[in-house]
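Visitor: Could you take me on a close look at chain B, and at how its strands are arranged? I would also like to hear a little about its neighbour.

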Amino acid sequence: MFQNIGEMVLLFWQTLRALPLTWRQRDKVLDQCFEIGNASLLMVTVLSFFIGGVLTLQTGPTMVERGLANYVGGIVGFSVARELAPIMMAILIAGRIGSAMAAEIGSMRVYQEIDALRTMNINPIHYLVLPRLVAITVALPMLVTFSILVAWLGGAVVARLTAEIDIPLQSFFENLKAMVALKDVAHGVFKGFCFAWIVGIVACHQGLVTRGGPRGIGRSVTKAVVNAIVLIVISDFALTRLFVVLGSFGILK
Amino acid sequence: MSATSSTQPGVAVQVRGLRRHYGTQEVLQGIDLDVLPGEIFVIMGPSGSGKSVLLRHLIGLEQPDAGEILINGESIQTPAVADRYRLAMVFQSGALLNSLTVGENVGLYLREHRLKPPAEIARIVTEKLDVVGLKGTENKMPGELSGGMKKRAAIARALVSEPQLILYDEPTSELDPLSSVVVGEEIRKLNQRTGVTSIVVSHDRDLAFGIGHRLAILHEGRIVALGVPEEIKASPLPIIRNFLNADFKLDPSNL
């Protein structure tokens, strides 16, 4: 485990050092961005809409019953922006894109394509890892922002259509606006940015260390997704705690 | 030997005391070899004898535990030396990038290193594919090619860098006899035309004796015989006799 962590840190560092070469790899970055967006947008829309809806459905009736109907929009908006959207998107992207990255790079490793790159003096980190990491770092925060907006809409629609809640759209959004600040959205987007690095590095690392044949590729894909999700949840706690501590010092409150 | 200019075709390769362990198994047990500039040097041996591992060390994909590899007398463990010489390798599977077309694969080296403008790269790609008899396949995906065509495309990709040394890892494995002859002929023609030094790893006896100027027999990580094809064919060593004469009538227990 410690060897894996060390290798991932090293891979991350080598990729950061290669960042100035991003412009040269811009076509691959755009391809990857398109791949991530195209593959995920419909899923993100459906998932976000229903997560916002479920959250409203879970909290709305109880809050209305206790005379707190004015807080439903705020609670839903706040939870989605700070927590649900970033973690949901990160897990979705780990499953959908992280697995594809690990499989593609793993297959290239097994079938000697990466060795072929090295014999041509082409650095696999520059050619394979850098475009993927940059693309996911750009795409995931954008997906998080989109997810927040769709989940808010989902929450508002469910609040309006559910008889036990019955909050008009305008009231829902007014309440949301009163409780949720731009920094809350920025908080979620920042988390998305950090989770993107985790998904990208874990997936690329698992791909690069793939051994054996198709079975090895399958194992790498599983490990890439599971390890990424575990790291996302742990780092989510760490980031949230960090924000709480910084908030107590009056920073980022 | 002094360093040659990188424009000179064909380099001399010397291997001195090369050793490599994987766990407790010593795969290369002190290899010593001299490959002359411009020759086709074939390394033969049974599966698991360390042929491919030796090739991976020669191209720098793996580092030895001991010993050194010299090109024109200079150790390639020194990065500056390794950069000075143009080495290429044709992998057993071809190792074409499946996400790229054949043309993109062949032009990859020039494109990634920005050595030529796109129009010039396209011209070179067409020219190299023509050399290996694959003209018109630029826009095909590797998956659309047969095994033999993939290997020839891999040779075209290797040629793009105008290498001074080409390493071939089992170039005729998984090919039918006719395709094997075509690939073997390509290796010989390239060697004659460009003077490039070629090291071929194979257990294909017909290929080895058909194209090799000199041969080495590798067995359990050691060179057990080295010489021109006639010398190898005449070798009285049982291990070589068994390897060269192996057929379905032979008792495997004697191997």
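Guide: Here is a walk through the sheets of chain B, ending with a short stop at chain A.

A word first on what you are looking at: this is a predicted model, in which local features need pLDDT of at least 70, side-chain atom pairs count only at pLDDT 80 or more, and totals for chains, interfaces and linings use all residues. Residues are numbered from 1 along each chain as its sequence is written, while chains are lettered from A and ligands numbered from 1 in the order in which they are written.

Chain B holds ten helices and ten strands; these are DSSP runs numbered from the N terminus, with helices (H or I) of at least four residues and strands (E) of at least two. Along the principal axes, the C-alpha atoms of chain B fill a box of roughly 55 × 45 × 35 Å. For 255 residues, a compact globule would have a radius of gyration near 18 Å, and chain B agrees, with 18 Å. That radius is taken over C-alpha atoms, and the globule rule is 2.2 Å times the number of residues to the power 0.38.

Now to the six-stranded sheet. It is open, with mixed pairing, and its order in chain B is E6-E7-E8-E3-E9-E10. Two strands pair if DSSP finds at least two bridges between them. Strands of a sheet pair through backbone hydrogen bonds, either parallel or antiparallel. From one strand to the next, the twist averages 20°; axes here are lines fitted to C-alpha atoms, for helices over the stretch in contact, and angles run from 0 to 180 degrees between N-to-C directions.

Start at the edges: E6 (87-90) and E10 (222-227) of chain B each have a single partner strand, so one side of each is left without a neighbour in the sheet. E6(B) runs parallel to E7 (residues 165-169) of chain B, joined by four bridges, and Leu87(B) has Leu165(B) as its bridge partner in E7(B). Further along, E3 (residues 40-44) and E9 (residues 214-219) of chain B are also parallel, over four bridges; here Met44(B) is partnered by Ile217(B) in E9(B). E9(B) then pairs with E10(B) in the antiparallel sense, over five bridges, and Ala216(B) stands opposite Leu226(B) in E10(B). The hairpin of E9(B) and E10(B) has two residues between the strands, and in it Glu220(B) takes a positive phi near 50°.

The other sheet to visit has four strands: it is open, with antiparallel pairing, in the order E2-E1-E4-E5 of chain B. At its edges are E2 (25-35) and E5 (74-75) of chain B, each pairing on one side only. Eight bridges join E1 (residues 13-22) of chain B to E2(B) in antiparallel fashion, and Arg19(B) finds its bridge partner in Gln29(B) of E2(B).

Finally, the neighbour: ten residues of chain A are in contact with eleven residues of chain B, contact being C-beta atoms, placed from the backbone, within 7 Å. On the chain A side, helix H4 (residues 113-119) gives the most, with five residues. By class, that side of chain A has five nonpolar, two polar and three charged residues. Here Ala, Val, Leu, Ile, Met, Phe, Trp, Tyr, Cys and Pro count as nonpolar, Asp, Glu, Lys and Arg as charged, and the others, Gly among them, as polar.

Note on methods. Two residues are in contact if their C-beta atoms, placed from the backbone, lie within 7 Å.
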